[in-house]
Amino acid sequence: MTGVAITARAVSFEYRAGPRRVDVLRDIDFDIAAGEHIAVTGSSGAGKTTLLALLGGLEQVQTGSLIVGDQDLSPLRGDGLAEYRQQTVGFVFQHFGLLGNLTALENVELAMTIAAQDRKLRRSRAVELLEAVGVGHRADHRPAHLSGGESQRVAVARALANDPALVLADEPTGNLDGDTATTVLDLLDAIARDRRCTMITVTHDPAVARRAARQFHLIDGTIDHA
């Protein structure tokens, strides 16, 4: 699947802390081309994770317009957001997010099970993806018996399970040592290039951000297009 274009217009997001209202994002506008790789940077609390959550359908759009491909996320709720996540988005998290009672193969398969894919097809695709990210030989191992780099490679394979048009990576190397981080970043770069998906990476690391085509820097809920 090729990537999706993204358009945001006047997107704002707030939450309540007791009687106090906290503005997390304020009237954000941006355009991302299909297949583009964007890095989102900014200090803690600047709104990076909230922006990723909105793009991934983990949070509902409160105000403004957010269009991913031909899907307007603004009116979506509940099942609509769940369907969008299954059909469009792949997530890579800092803490891997693997289920400890499942093997690497089963973790990748699970994403396709939720999407109701055929059992035989999802097993063969999970094997193929684990081979593609270099951990096919660890398919029968549970997360406790994988290194950090291996776990993140499994997480990348899981993110690709449903052939997403949009890959969202939240601090994907935050728990990895330098050499392992470089290997995972090279893998993500290759995926973005070869699969032509749109990729958005949240990071505190300037070296990681420089790998993207463009950088969005968030400051107090507003965006500076670096």
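**Loops, aromatic pairs and a cavity in the predicted model**

Phe96 is placed in the loop between strand E6 (89-93) and helix H3 (104-114). The structure is a predicted model, and the values reported for this residue and for the others below are computed from it. Although Phe96 is not a glycine, its phi is positive, at about 70 degrees. Most residues other than glycine have a negative phi. Phe96 counts as buried because its relative accessibility is 16%, and buried means under 20%.

A positive phi also occurs at Arg196, a residue other than glycine, where the angle is near 60 degrees. Arg196 lies in the loop between H6 and strand E8 (198-202). With a relative accessibility of 53%, Arg196 counts as exposed, whereas Phe96, at 16%, counts as buried.

Strand E6, which precedes the loop that holds Phe96, is largely enclosed by the rest of the structure, because four of its five residues are buried. Strands E6 and E7 run parallel and are joined by five bridges; within this pairing, Asp170 in E7 is the bridge partner of Phe93. In a regular strand the side chains alternate between the two faces of the sheet.

Aromatic contacts were examined next, and a search of the whole structure yields two aromatic pairs. In one of them, the ring centres of Phe30 and Phe216 are 5.4 Å apart and the ring planes stand at 50 degrees, so this pair is classed as tilted. The tilted pair links distant parts of the chain, since Phe30 belongs to strand E2 (residues 20-32) and Phe216 to strand E9 (residues 214-219), with the two positions 186 residues apart in the numbering. Both Phe30 and Phe216 are buried. In the other pair, Phe91 and Phe93 have ring centres 5.6 Å apart and planes at 5 degrees, and the pair is therefore stacked, as planes under 30 degrees apart count as stacked. The two partners of the stacked pair fall into separate accessibility classes: Phe91 is buried, with a relative accessible area of 15%, while Phe93, at 32% relative accessibility, counts as partly exposed.

The loop on the other side of strand E7 was considered in turn. Thr173 lies between strand E7 (166-170) and helix H6 (178-195), and is buried, with a relative accessible area of 11%. When residues up to four places away in sequence are not counted, Thr173 touches Ala181, Val184, Leu185 and Val208. Two of these contacts, Leu185 and Val208, also appear among the residues that line the largest cavity.

Rolling a probe the size of a water molecule over the atoms shows where empty space is left. In this model the count comes to one cavity of 30 Å³ or more, and the volume of the largest cavity is about 30 Å³. Its lining is made up of His37, Leu185, Leu188, Asp189, Thr201, Val208 and Arg211. Helix H6 gives the most to this lining, with three residues. By class, the lining of the largest cavity contains three nonpolar, two polar and two charged residues.

Conventions. Residues numbered from 1 in each chain as written. Predicted model: local features only at pLDDT ≥ 70, side-chain atom pairs only at ≥ 80, totals over all residues. Heavy atoms only, no water. Buried < 20%, exposed > 50% of the residue type's maximum accessible area, 1.4 Å probe, protein only. Contact = heavy atoms within 4.5 Å. Phe/Tyr/Trp six-rings, centres within 6.5 Å; stacked < 30°, edge-to-face > 60°. 1 Å grid on protein atoms, 1.4 Å probe; cavity = no way out; pocket = protein on both sides within 12 Å on 5 of 7 lines; lining within 4 Å. Points joined across faces, edges and corners; volume = space filled by probe spheres on them. Nonpolar A, V, L, I, M, F, W, Y, C, P; charged D, E, K, R; others polar. Pairing = 2+ DSSP bridges.
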